[in-house]
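Q: I have a chain open on my screen and would like to talk it through with you. Could you start once it is in front of us both?

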Amino acid sequence: QVQLVESGGGLVQAGGSLTLSCAASGSIASINAMGWYRQAPGKQRELVAIITSGGSTNYAGSVKGRFTISRDTPKNSVYLQMNSLKPEDTAVYYCNAEVRLNWGHISSPWGQGTQVTVSS
């Protein structure tokens, strides 16, 4: 199977920056889209940003212009550079990937999540 491991969360003041990283490992033949989602207390999980295998990106309106998603295909990794952070960005951030396994099946695993807390 496939595992996603996130890192880079933490506590930061409003206006600060953080970079999240996510690395996929396991029986990976290829990875299509990779994305970041977040879930704040009492709210549903929402898409933050997504990047396709071709490098196309899409962002939630609330983070556009502040966050940048990128990926390192040979390393099966995706990153989220977060600038100008706001208290409303506080959430658990999850990595997700659409993975084609070595035996051809498609899997869409989630990481364990990393906490981002932005203080005002």
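Q: How much accessible surface does the chain have, and what share of it belongs to carbon and sulfur atoms?
A: Bearing in mind that this is a predicted model, the accessible surface of the chain comes to about 6,000 Å², and 48% of that belongs to carbon and sulfur atoms.

Q: And how many of the 120 residues are buried, as a percentage?
A: Buried residues account for 41% of the 120 in the chain.

Q: What about the radius of gyration, and what would a compact globule have?
A: The chain has a radius of gyration of 14 Å, which agrees with the value near 14 Å that a compact globule of 120 residues would have. Along the principal axes, the C-alpha atoms fill a box of roughly 50 × 25 × 20 Å.

Q: How many helices and strands are there?
A: There are zero helices and eleven strands, so that the order of elements from the N terminus is simply β-β-β-β-β-β-β-β-β-β-β.

Q: What share of the contacts joins residues at least 24 apart?
A: If one takes the contacts between residues at least 6 apart in sequence, 55% of them join residues at least 24 apart.

Q: How far apart are the mean positions of the positive and negative charges?
A: They are 3 Å apart, with 9 positive and 6 negative charges in the chain.

Q: Let's go to β9. Is it mostly covered or uncovered?
A: Strand β9, which spans residues 91–101, is mostly covered, with eight of its eleven residues buried.

Q: Which strands does it pair with, β4 for a start, and in what sense?
A: With β4, residues 28–39, strand β9 pairs in the antiparallel sense over nine bridges, and within that pairing Arg38 has Tyr93 of β9 as its bridge partner. Strand β11, residues 114–119, is also antiparallel to β9 and is joined to it by three bridges, one bridge pair being Ala91 with Val116 of β11. Strand β10, residues 106–107, runs antiparallel to β9 as well and is joined to it by two bridges, with Ile106 in β10 as the bridge partner of Arg100.

Q: Which residue in the hairpin of β9 and β10 takes a positive phi?
A: That is Gly104, with a phi near 100°, in a hairpin that has four residues between the strands.

Q: Staying with β10, is Ser107 buried or exposed?
A: Ser107, which lies in strand β10, has a relative accessible area of 15% and is therefore buried, as the cut-off is under 20%. Leaving aside residues up to four places away in sequence, Ser107 touches Gln1, Ala97, Glu98, Val99 and Leu101.

Q: And Thr117 over in β11, what does it touch?
A: With residues up to four places away in sequence again not counted, Thr117 touches Gly10, Leu11, Val12 and Thr90. Thr117 is partly exposed, at a relative accessible area of 28%, and its C-alpha lies 16 Å from that of Arg66, a residue 51 places apart from it in sequence.

Q: Switching to β7, which residues are on the covered face and which on the uncovered one?
A: In strand β7, residues 67–72, the covered face consists of Phe67, Ile69 and Arg71, whereas Thr68, Ser70 and Asp72 make up the uncovered face. Six bridges join β7 to the antiparallel strand β8, residues 77–82, and Ser70 stands opposite Tyr79 of β8.

Q: How many residues sit between β7 and β8 in their hairpin?
A: There are four, and Asn76 in that turn has a positive phi of about 50° although Asn76 is not a glycine.

Q: Why remark on that?
A: Because most residues other than glycine have a negative phi. Asn76 is also partly exposed, at 22% relative accessibility.

Q: What is the phi of Ser84?
A: Ser84, in the loop between β8 and β9, has a positive phi near 50° and is likewise a residue other than glycine. At 41% relative accessibility, Ser84 counts as partly exposed.

Q: Glu88 is in that loop too, so is it buried or exposed?
A: Glu88, found in the loop between β8 and β9, counts as exposed because its relative accessibility is 56%, where the cut-off is over 50%. The C-alpha atoms of Glu88 and Ile50 are separated by 20 Å, the two residues being 38 apart along the chain.

Conventions
Residues numbered from 1 in each chain as written. Predicted model: local features only at pLDDT ≥ 70, side-chain atom pairs only at ≥ 80, totals over all residues. Heavy atoms only, no water. Rg over C-alpha atoms; globule rule 2.2 N^0.38 Å. Buried < 20%, exposed > 50% of the residue type's maximum accessible area, 1.4 Å probe, protein only. Contact = heavy atoms within 4.5 Å. Areas by Shrake-Rupley, 256 points an atom, 1.4 Å probe, with all protein chains shown as cover. Lys, Arg positive; Asp, Glu negative; His and termini not counted. Charge placed at Lys NZ, Arg CZ, Asp CG, Glu CD. Pairing = 2+ DSSP bridges.
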